[in-house]
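Thank you for making time this morning; I would like to walk you through one structure, with the sequence and the model on the screen as we go.

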Amino acid sequence: MIPVANPKAQYLAHKEEIDEAIERVLQSGWYILGQEVKSFELEFAAYIGVKHCIGVGSGTEALHLALRACGVGSGDEVISVSHTAVATVTAIELAGADPVFVDIDRDTYTMAPEGLKRAITPRTKAIIPVHIYGHPAAMDEILAIAREQSIFVIEDCAQAHGALYKGKKVGSFGDMACFSFYPTKNLGALGDGGAVVTDNKDLGEKAVLLREYGWAKRYISHFSGLNTRLDEIQAAILRVKLTYLDRDNMARSNLALLYYKGLADLDLVLPKVREGCTHVFHLFVVRSTNRDDLLTKLRAQGVGVSVHYPLPVHLQPAYKKFARDLPNTELVAREILSLPMYPELSDTQVIRVINMVEELFHG
Ligand SMILES: *Cc1c(COP(=O)(O)O)cnc(C)c1O
C-alpha cells in the first residue's frame, strides 16, 4: 500500500528530535502561549520574510481571525475560489460574510484575475486567493486589482509553505496570509495548528488580541474576540519540522520530476508551473478524462490516490445558494487525480506508481 500522504513517516524521520521537543514542553509545566509558541512565531516569520506571526488553533481559524482583523463582518462579501478546501469558505462564513466565487485558470488551478475584476461589488471587503496544491496564485494581477479599490488581500497558504512567487515566499504578498499546520501539509504538526502572518503592525496587533478574547491585559476584553491558540507542544514540534521544510520541499520536487518524466507520454495533463513560480507540490495532481476509472483501478492495486476536491464548494449542498457559472472549476473537478506525494516517499515507490499508471493506459 502506498498512501497519498504519510505524516507518520515524517514523525519517524525526525523521531528523536520531536520526542525531545515534546518532553521539553511536558517538563516545562507551561502548555499554552509560552516560550515555544513565541520562538516558533519568530522563526516562522523570519522564514516567510514578514514581521509578524501569530500562532493559532488551525488554518480555518487563521483565515477567520485574519478576516476579523481586517474588519470583515456581516453584510460584507469576500471573493475567493470554489476550487479549494471547504475550510476557506467556512472561515468566510465564520466571519459573518458572504463568499463570492470566481473561476480558476485551467493551467494552475488558481484564481483567474479576469473573473475577479467582474466579481467586485461595493460590498467586497476582501479577496482570498488560494495557492492550491503548492502553486502560487497570480499575485501581481490580484494585488493590482485589489489596490485599485482598497480591498484587503488575505492569502490562503495552507498548501504552499515555502512556495515562491517571483523569488519571494508566498505569505509575504497580501495584507495578511494564513497557514495551516494540519499533519499532512508541507509543514505539519502532530495535531491541529495554524498561523496568521503580516507585515502590517496594526493588523498584527489586532490579530494578537483577537486570538485570545480581545484581551489587551489579562481578563479585560477590549473587543469581542475568539479563543484560537497554537499550543506549546505543537509549536515545539513545528520548530523541529521547520528546520527541514526546505529539504522536504526539495524532496517533493525531485519526486515530481520523476512523475513528469515517467508520465510524459501518456494522455494525462501534468501540473504546469507558471513562469516565475516555484511549486512546492503539496499534492501532485494530474488530469484525465478517464479519472474515475483510473482512480478505481489504482486503488484496487494499493495506490492511495485521492481527489482534491471531488465537488467544488459552490455545488455542495451547504453552499448552493452561492452558486455561479464556474466552467473551469467544474471541468477540473471532474478530471483531477492526486498521486502519492510526501517527502519520505521513495523513488522506487514513485516508479511503481508510474508503471501501474502506464499499464492502465497501454495494457
Ligand atoms: C488545509 C486547508 C485549510 C484549513 O486548514 P485546517 O488547519 O485544516 O483548518 C484551509 N485552506 C486550504 C486551501 C487548505 O488546504
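Let me begin with a small question about the backbone: in which loop is K166 found? Before I answer, please keep in mind that what you see is a predicted model. K166 is found in the loop between strand 6, residues 164-165, and strand 7, residues 168-169, and this residue has a positive phi of about 50 degrees although it is not a glycine.

A second backbone detail concerns the peptide bond from H308 to Y309, which is cis, with omega near 10 degrees. If you want to find Y309 on the screen, look in the loop between helix 11, residues 291-300, and helix 12, residues 327-335.

Let me turn now to the ligand, which sits in the largest pocket. Two elements, helix 4 (59-69) and helix 5 (86-94), give two or more residues each to the shell around the ligand. By residue type, this shell divides into six nonpolar, eight polar and two charged residues. There are 16 residues around the ligand, and those that come nearest are G59, T60, D156, S180 and K185.

Three of these names return when we look at side-chain contacts in detail. For T60, an N or O atom of the side chain is 2.5 Å from an oxygen atom of the ligand, while for S180 a polar side-chain atom lies 2.6 Å from a ligand oxygen. With D156 the partner is a nitrogen atom of the ligand, and the distance to a polar side-chain atom is 2.8 Å. As for cover, the ligand on its own has 380 Å² of accessible area, and the protein covers 90% of it.

Finally, a word on salt bridges, of which the count comes to 17. One of them is formed by the side chains of E36 and R24, at 2.7 Å from N to O. Because E36 lies in helix 3 (residues 35-48) and R24 in helix 2 (residues 15-28), this pair ties together parts that are 12 residues apart in sequence.

Key
Residues numbered from 1 in each chain as written. Predicted model: local features only at pLDDT ≥ 70, side-chain atom pairs only at ≥ 80, totals over all residues. Heavy atoms only, no water. Near = heavy atom within 4 Å. Polar contact = N/O pair within 3.5 Å; in protein donor to acceptor, adjacent residues only side chain to side chain. Areas by Shrake-Rupley, 256 points an atom, 1.4 Å probe, with all protein chains shown as cover. 1 Å grid on protein atoms, 1.4 Å probe; cavity = no way out; pocket = protein on both sides within 12 Å on 5 of 7 lines; lining within 4 Å. Sits in = over half its atoms within 2 Å of the grid points. Helix = DSSP H or I, 4+ residues; strand = E, 2+ residues; numbered from the N terminus. Nonpolar A, V, L, I, M, F, W, Y, C, P; charged D, E, K, R; others polar. Salt bridge = Lys/Arg side-chain N within 4 Å of Asp/Glu carboxyl O.
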